[in-house]
Amino acid sequence: MSDKPLVIVESPTKIRTIQKYLGKEYNVAATVGHIKDLPPKELGIDIDHDFKPLYRNIPGKQKVINALRSAAGDAQDIYLAPDPDREGEAIAWHAAEVLKKKERRFHRVLFHELTHSAIEKAMAHPEPLNRNKYEAQQTRRILDRLVGYQVSPLLWKKVKGSLSAGRVQSVAVRIICERERAIQRFEPEEYWSITTRLEGGTPPPFDAKLVKKDGKKLTIGDEAAASAIVEELRGAPFQVAAVVKKTVRKNPQPPFITSKLQQEAIRKLRFSAKKTMLIAQQLYEGVDLGPGEPVGLITYMRTDSTRIAAEAAHEALDWVRQTHGDDYALDKPRFFQNRKKVQDAHEAIRPTAVFNTPEKVAAYLSKDQLALYQLIWRRFVASQMQPALIDQNTVSIQAGPYTLTVTGSTLKFPGFMRVYQTVDEEAESSRKEQPLPLLAEGDRLKLHDIMPKQHFTQPPPRFSEASLVKELEENGIGRPSTYAAILSTIRDKGYVELIKGYFHPSELGFIVNDLLVANFPEIFDVEFTANMEDLLDRVETAEMDALNILNRFYGPFQQRLTAAETDMLSVKGVGIATELTCPQCQKNKLHVKIGKNGHFLACSGYPDCTYSRDYVRDERGQIQPVEPSQEAVTDKTCPKCGKPMVLKRGKYGEFIACTGFPQCNHTESVNGNGNGKTIGVRCPEPGCQGEIVEKRSKRGKVFYGCNRYPDCTFATWDKPVAKQCPVCGAAYLVEKTSKREGTYLTCVNRECGYKENP
């Protein structure tokens, strides 16, 4: 057996990069994510014995564990190099547990970037395993399991099966629900603005806005007030009261932290948070820059620190001087102050080598990889450039008791803006400034026109992915590494929908949120959750004892849990009362209920009154029953019997059905042929001419099957993709998603093992 030292990483995609730099003196192997976890079908926490977690080898990971043991052989030194964060620390501890051997030594190495120098430096300065960081990860895992595995069964009992609650995800749903209710409660208020068209002694004319009366901010509430002011202005002389000229210095933003990268990629590149992190992981783990030259292009992408290495800043300054000249470069590097309580284990996200410019590496990157790398590279380089200088002219105009203002600005020196601007800076730069004539204090102005305009106040906006990440970050909910997972989970569970880029709570989301908030007001409170994140950070820095946190949490939580068993409203039974009276019996109230086909309205007098309807909510959140419509005849004929087909509504929405039922039971999706939505893949069964369509099981889980069922019984849980495997020639690939790797394509032939990014 080999006695060479073994380096263990988390992802198999890193192996080639690290092996290249370490050479043949080391073996390199991967855990492929976590190898141990809490058991999936039980709580897995020994509450009576200091909340001891009962870890088990993850089902299906025995092959990986055997491979690690084989790779370790007789090695005395094992270098544990999973990702340099809490999850990576847990993987390192679990790897050490399964490889423990008499006289074997374990070393923790942290690869903050996958470059030759960084890997050599990390290997030359190994550290002991970090128990505090492991305790912080383990405490979070225990808290999440205690909440999720004890509150979720309550939802199964009181609402319906397959639902879940999460210590952090449920708070995110609460934030979205509360914003929606604020929108529903919002009462728009009328207000008016008044703009004047003026001209000085020289052209061009310009517009000035009314802002004050008698030196105080002016609010115009209605048309009558606006008309009165217009009349006063028509008779007043207009004169320049003051001209203020100043040059404003605008500094660049710091290099990206995880949350800011997600926000900017969502807004600028239209990436989801999940996609952003997947591509960033690829850039960190290594990209081939020529045959056999894998290089990590960015530093570790899970960080909330804006710290940067001095040598990296100097390299950026060298590039700026060479490319744009001394006028654009700083005399010395610019460093950024971290916010309070920010963990400083990692640098900000930056390129590992500034001279690997986007243009230089473009040929080796996919379109999406290049777009994200360009964003990271430009933001970092811009952070080491001179401020932009903006000349601003603000003119104050007096007309009787009224004050009007007009501002004009011009870019005097672009500075860092020559390389990078945020979305907001781009919008500001693209806004056309009106040209102003030369004006001086005391100048008389000619009035051309007065333009009053009616406005109404707007409700608070719904959250986009970017603004929700910002809200979570500002409120201390979750951590940078968890935002993408939170956003995916709350959509996958059906609690929210992303409609035209904005989150809307579903009816199920409202119902579950209201039940959780009513019965666990502290646990699913924004401030409580943020304080818990702070406590976990203090566990990592050895300022707080993990057991103390768990004991303080669990006592009140257990009391709430016991009370909720009896006090939580059962939607399965009586449902949730509304203010609507049943139109059929005219005496009982309608209740919102949830059945196997989803939520609906029903008379609380059931079974004496059997009234039930689907319902929708209007803009004010008020329930509106939906009366059943007549079956709409379509222009289609049944391909089996030739009879007309009609549009119907069923458990999973609208579908088209043959009028020859029950003799003919042919149905089609409104999206395509044959009981489901087509996905553009031919059925792989030999001799079958059918197409694969998206379907749902009786429990609502999506699967994929042939549209010629029951003549063809092909079915799979994984989504087929119409792409032949380049390795073994299999007819199609399938789409899979994992926590660590995100979404990827893999060969349907498991023995092949081919993988690629979509």
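## A walk through a predicted chain

Let's start at A484, which sits in helix α15, covering residues 483–492. Helices here are DSSP runs of H or I with at least four residues, strands are DSSP runs of E with at least two, and both are numbered from the N terminus. Before going on, some housekeeping: this is a predicted model, where local features need pLDDT of at least 70 and side-chain atom pairs count only at pLDDT 80 or more, while totals for chains, interfaces and linings use all residues. Residues are numbered from 1 along each chain as its sequence is written, and side-chain values use heavy atoms, with hydrogens and water left out.

Back to A484. Is this residue buried or exposed? A484 counts as buried because its relative accessibility is 9%; the cut-offs are under 20% relative accessible area for buried and over 50% for exposed, with partly exposed in between (1.4 Å probe, protein chains only). Skip residues up to four places away in sequence, and A484 touches Q262, A273, K274 and M277; a contact means heavy atoms within 4.5 Å. If you want a feel for distance, take A484 and V211: they are 273 residues apart along the chain, and their C-alpha atoms are separated by 43 Å.

**The whole chain**

Zooming out, the protein chain has 18 helices and 36 strands. Its C-alpha trace spans about 95 × 80 × 60 Å along the principal axes. Of the 758 residues, 47% are buried. Among contacts with a separation of 6 or more, 63% are between residues 24 or more positions apart.

As for the outside, the accessible surface comes to about 38,500 Å², and carbon and sulfur atoms own 49% of that. Those areas come from the Shrake-Rupley method with a 1.4 Å probe, and for residues only the protein chains shown count as cover. On the charge side, there are 108 positive and 95 negative side chains, and the centres of the two sets lie 3 Å apart. Lys and Arg count as positive and Asp and Glu as negative, leaving out His and the chain ends; each charge is placed at NZ of Lys, CZ of Arg, CG of Asp or CD of Glu.

**Inside the cores**

Which residues have the most contacts inside the largest nonpolar core? They are F111, L372 and F520, in a core of 137 residues. (A nonpolar core is a set of buried Ala, Val, Leu, Ile, Met, Phe, Trp, Tyr and Cys residues joined through side-chain atoms within 4.5 Å.) Helix α5, residues 131–158, gives the most to this core, with 9 residues. Leaving aside neighbours within four places in sequence, F111 is in contact with I18, A81, P84, I119, A122, M123 and Y284. Apart from that core lies another one of 23 residues, including F206, A226, V230 and I397.

**Two polar residues in helices**

Q281 lies in helix α9, residues 273–285. Its side chain joins that of E285 through a polar contact of 2.8 Å. (That term covers a pair of N or O atoms within 3.5 Å; within protein, one must be able to donate a hydrogen and the other to accept it, and residues adjacent in sequence count only if both atoms are side-chain atoms.) Not counting residues up to four places away in sequence, Q281 touches D83, M301 and R302.

R379 belongs to helix α12, residues 367–382. Outside the four places on either side in sequence, R379 is in contact with Q253, P254, P255, F256, K260, Y420 and T422. The C-alpha atoms of R379 and L54 are separated by 44 Å, with their positions 325 residues apart along the chain.

**Backbone oddities**

Most residues other than glycine have a negative phi, and most peptide bonds are trans. Now for some exceptions. P203 and P204 are joined by a cis peptide bond with omega about 5°, and P204 lies in the loop between β9 (190–199) and β10 (206–213). The bond from Y606 to P607 is cis too, with omega near 10°; P607 lies in the loop between β22 (598–603) and β23 (612–617).

S162 isn't a glycine, yet its phi is positive, at about 75°. You'll find S162 in the loop between α5 and α6 (169–185). D214, also not a glycine, has a positive phi of about 55°, and sits in the loop between β10 and β11 (216–217).

Here are some relative accessible areas side by side:

| Residue | Relative accessible area | Class |
|---|---|---|
| Q281 | 9% | buried |
| R379 | 6% | buried |
| S162 | 61% | exposed |
| D214 | 58% | exposed |
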